[in-house]
Amino acid sequence: MSEVRLAAKSRTHFGKGAARQIRREHEVPAVMYGHGQDPIHLSLPGHATMMALKTPNVLLSIDLNGKAQLAIPKEVQRHPIKGELEHVDLLMVRRGEKVDVAVPVVVEGDAQPGSVLTHELTELEVKAEATNIPEHFVVDVSGKAVGEHVTAADVVLPKGVELVTDAEAVVISIAAQQSAEALEADLAAAEQQLGVTHDEKDSEATDKSDKDAKA
């Protein structure tokens, strides 16, 4: 994985007010920690950081005061509505060092007709070399039949990557597609269990609307 260089600035002012001021300057407040060192408080360039974080587990080269430190994102906070970066936690790493990371699982292919695929786990926890973290794992479900499933152990991992997630955990399951009649029956049963009743006037109005539409 290639490195993305980000020019960082040290920051000495903290709190919500200071963070808002940093964001007004189109930068992102961040903290870098690890290797037993005291946390380092930074501000990162907003646009460049946003673009870099589009790649899961991106390897960053943080340039601070003329020195470069490798790091990977550990926690990213975004605005719940705007989606803008609000804060980033970075973990210091070294070349050759292995770290625990969550890697996305991508599904390819189509299961057999009449089946429904459920993506139970969208990512796997693995231990990988910090400078060679996979962007994603691919699972091909082509031709898989109802009742089949893919476990974490079935996912092919690159050489040197170790599985941390429980090997028996189900990643993808294939079930039979439910008919419209079965869906309606399930809905009726759920409504009955919840005590939901339908007004007869509403039913009559619906029937009349259906008849008018057909006429």
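In this predicted model, H35 is partly exposed, with a relative accessible area of 27%. The residue sits in the loop that connects strand 3 to strand 4 (37–45), and its backbone deserves a second look: H35 has a positive phi of about 55° although it is not a glycine. Most residues other than glycine have a negative phi. H26 shows a positive phi as well, of about 60°, and is likewise not a glycine. H26 belongs to the loop between helix 1 (16–24) and strand 3. With a relative accessibility of 65%, H26 counts as exposed, because the threshold for that class is over 50%.

H26 also leads to the pockets, as H26 is one of the residues lining the largest pocket. This pocket holds about 330 Å³ of space. Its lining is made up of R23, H26, E27, V28, G46, H47, M50, H79, K82, E84, L85 and E86. Strand 3 (27–34), helix 2 and strand 7 (85–92) are the elements that each give two or more residues to this lining. Helix 2 gives the most, with 3 residues. By class, the lining divides into 5 charged, 4 polar and 3 nonpolar residues.

The second largest pocket encloses about 220 Å³ of space. Around it lie L53, T55, P56, N57, P73, K74, E75, V76, R78, D100, V101 and A102. Two or more lining residues come from each of strand 6 (67–78) and strand 8, and strand 6 gives the most, with 5 residues. The lining of this second pocket has 6 nonpolar, 4 charged and 2 polar residues.

Helix 2 (residues 46–52) also holds T49. T49 has a relative accessibility of 1% and so counts as buried, the limit for that class being under 20%. Leaving aside neighbours within four places in sequence, T49 is in contact with L6, L44 and L85. Among these partners, L85 is also found in the lining of the largest pocket.

Strand 8, already met at the second largest pocket, takes part in an open sheet of 4 strands. The order in this sheet is 11-8-10-13, and the pairing is mixed. Strand 11 (137–140) and strand 13 (162–163) form the edges, each pairing on one side only. Strands of a sheet pair through backbone hydrogen bonds, in either a parallel or an antiparallel sense. For strand 8 (residues 98–108) and strand 11, the sense is parallel, and the pairing extends over 4 bridges. One position to look for in the structure is V106, whose bridge partner in strand 11 is V138.

Another open sheet consists of 3 strands in the order 9-14-12, with antiparallel pairing. Strand 9 (115–119) and strand 12 (149–151) each have a single partner strand, so one side of each is left without a neighbour in the sheet. From one strand to the next, the twist averages 15°. Strand 9 and strand 14 (residues 170–176) run antiparallel and are joined by 5 bridges. Here H119 can serve as a handy landmark, with I172 as its bridge partner in strand 14.

Terms used:
Residues are numbered from 1 along each chain as its sequence is written. This is a predicted model: local features need pLDDT of at least 70, side-chain atom pairs count only at pLDDT 80 or more; totals for chains, interfaces and linings use all residues. Side-chain values use heavy atoms; hydrogens and water are left out. Two strands pair if DSSP finds at least two bridges between them. Axes are lines fitted to C-alpha atoms, for helices over the stretch in contact, and angles run from 0 to 180 degrees between N-to-C directions. Buried means under 20% relative accessible area, exposed over 50%, partly exposed in between (1.4 Å probe, protein chains only). Contact means heavy atoms within 4.5 Å. On a 1 Å grid over the protein atoms alone, a cavity is a set of points where a 1.4 Å probe fits but cannot get out, and a pocket is an open set with protein on both sides within 12 Å along at least five of seven lines; lining residues have an atom within 4 Å of a point. Grid points are joined across faces, edges and corners, and a volume is the space filled by probe spheres set on the points. Ala, Val, Leu, Ile, Met, Phe, Trp, Tyr, Cys and Pro count as nonpolar, Asp, Glu, Lys and Arg as charged, and the others, Gly among them, as polar.
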